[in-house]
Amino acid sequence: MADRPALPTPAARPAAGLPLPAARPRVRASWARSERYGVSPEAVEAVYSPTLSTDSLFYECGAEVLGRLHGTLADEPVGLMITDAEGLVLARWSGDRAIDASLDRVHLAPGFYFGERTAGTNGLGLALADRVPSLVRAGEHFVAPLRRYTCAAVPVLDPRTGDLVGSINMTTWSDASSDLLLALAQSAAGNTSALMHVRSGGHPERPMPRGEVFHVFADRLPGADPCHSRAWPDALAAARDAVAAGRLLAVVGEPGAGKSAVASLARHGGRRRERVLVARPPQAADVESWLALWAPELTSPDTCVVVSGADVLPAWAADELAAVLGAAPAGPVRPVVLTAPSLAAVPASLAALVDSVVEVPALRHRTEDVEPLALAFAREHRHRDVPFTPRALRALAAHSWPENVRELRAVVREAVARTDVVDVHHLPPAVLSAGSRSLSRLEQLERDEILRCLTRPGTTATQAATELGVSRATLYRKIAQYGLRVPGRDQA
């Protein structure tokens with residue numbers, strides 16, 4: 001795919017004048033960001049991409065939902081749009097020639113970026129920035145030519161991963177009735193998510209974040225750090241050096257790799273009396289009360305807050321946190337540590353404050369840590385040591401752990417809840433399968449039944465094939481098809 005054009009960077013521009021004091025706080029915050037980005041209040045800047053990514057599950061499902069909806073709104077002056085997570089318009093449906101031509105003139109059309117950085121405050125830009133349904137009416141738009149419209153937009157999250165994949169946007173004239181516009185957009189976005197869930201194989205949806213703030217106890221940390229691979233202490237040492245130098249630290253890496261653990265351990269190294277809080281963001285609609293719960297702690301001299309998942313913060317919340325950090329009194333250490341998949345994923349206002357970045361390697365790159373972590377998680381769950389057989393440990397070490405330490409913890413807890421000695425047949429089928437494609441329900445049942453037979457202690461391939469009612473050649477073909485690995489199994 002061709003490289004996307006660079007988006008405008010902040011530049012010095014004359015202040016456009018914020019909307020009336022009565023404007024909603026999120027709209028006022030968006031206007032401030034628009035000014036900071038250097039957006040012209042006179043016209044939408046045309047940023048065009050010649051290549052549109054329309055081969056995703058999100059686009060397939062969103063286009064189907066909006067196509068059907070368009071059929072029922074053919075005579076209505078409304079434009080229906082689907083955008084990616086950066087505000088690039090992927091498609092537009094409208095049966096009204098006047099609004100179609102008008103939207104073309106302001107570049108709200110396929111191939112053009114319409115996020116806050118190019119179009120200032122608008123419905124879809126605000127929905128993507130704050131990750132909540134948004135309605136922007138007439139004069140609330142930052143750019144003057146957009147004030148003839150009312151825009152409603154709803155962000156869409158991948159039901160499997162929780163990642164932001166794009167938005168559903170609806171735009172009509174500002175003098176038209178807009179009371180139901182946001183509800184209609186929410187319905188379309190909900191139907192898109194539901195269709196994505198069904199077509200992705202019906203896998204369990206990722207739980208929505210609840211928002212947590214908890215205290216990390218210093219006297220429990222030494223026993224909670226069993227990792228001894230070279231990559232882990234290297235990352236921890238780099239994080240401690242950054243903290244000791246008074247730099248604002250961002251710990252990055254894949255979900256579940258242990259970013260919050262590195263951040264907490266780094267803060268407690270040599271500062272045993274410091275209080276460390278870990279704050280995990282809730283759903284975007286609940287961020288305001290979550291932020292109010294712990295933000296006052298940033299002024300305490302002996303308290304640090306690890307903001308876990310800073311990449312999912314709404315733009316307004318990131319701006320408020322950046323303002324608090326900017327106003328915090330100078331001290332030997334910074335009062336906050338951020339974690340995120342990458343620095344690029346952190347909202348710009350916070351990313352600009354980061355002085356040091358430390359990456360935590362994924363668990364598949366530190367296989368030496370799998371066994372000690374598994375034993376530690378088993379001890380944590382059962383409050384005593386629980387042994388693993390050699391072939392169970394080999395199976396754990398061979399797994400790629402796409403969800404990293406979080407997945408290993410769940411696998412171990414499930415296994416030790418069923419037995420006093422963990423063997424390979426106590427592990428879930430996914431750990432013994434190297435297949436990367438999604439399986440249908442029938443394929444999952446077949447795979448699990450094969451593994452049930454193969455992992456029974458002392459069972460040979462011939463015996464398993466007989467029990468399954470297939471030839472040994474068919475059994476080996478199925479083992480290869482599902483990428484099954486059963487360490488220590490008799491091949492006869």
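Reader: Why does W173 count as partly exposed?

Author: This is a predicted model, and in it W173 has 23% relative accessibility. Partly exposed runs between the 20% and 50% cut-offs, so W173 gets that label.

Reader: And what makes Y149 buried?

Author: Its relative accessibility is 1%. Buried means under 20%, so Y149 qualifies.

Reader: How many aromatic pairs are there?

Author: The count is four. Among them is Y149 with W173, with 5.7 Å between the centres and 20° between the planes.

Reader: Why is the Y149 and W173 pair called stacked?

Author: Pairing asks for centres within 6.5 Å, and stacked asks for planes under 30 degrees apart. At 5.7 Å and 20°, Y149 and W173 pass on both counts, so stacked it is.

Reader: What does that pair tie together?

Author: Y149 sits in strand 4 (residues 149-157) and W173 in strand 5 (residues 164-173), so parts 24 residues apart in sequence are linked.

Reader: What makes W290 and W294 edge-to-face?

Author: Their planes are 75° apart, with the centres at 5.2 Å. Edge-to-face needs over 60 degrees, so the label fits W290 and W294. Both residues are buried. They're four residues apart in helix 9 (residues 287-294), which means about one helical turn separates them.

Reader: How do you know that R117 lies over the face of Y37?

Author: R117 is at 4.3 Å from the ring centre of Y37, and the distance cut-off is within 6 Å. R36 also lies over the face of Y37, at 5.9 Å from the ring centre.

Methods: Residues numbered from 1 in each chain as written. Predicted model: local features only at pLDDT ≥ 70, side-chain atom pairs only at ≥ 80, totals over all residues. Heavy atoms only, no water. Phe/Tyr/Trp six-rings, centres within 6.5 Å; stacked < 30°, edge-to-face > 60°. Helix = DSSP H or I, 4+ residues; strand = E, 2+ residues; numbered from the N terminus. Buried < 20%, exposed > 50% of the residue type's maximum accessible area, 1.4 Å probe, protein only. Lys NZ or Arg CZ within 6 Å of the ring centre and 35° of its normal.
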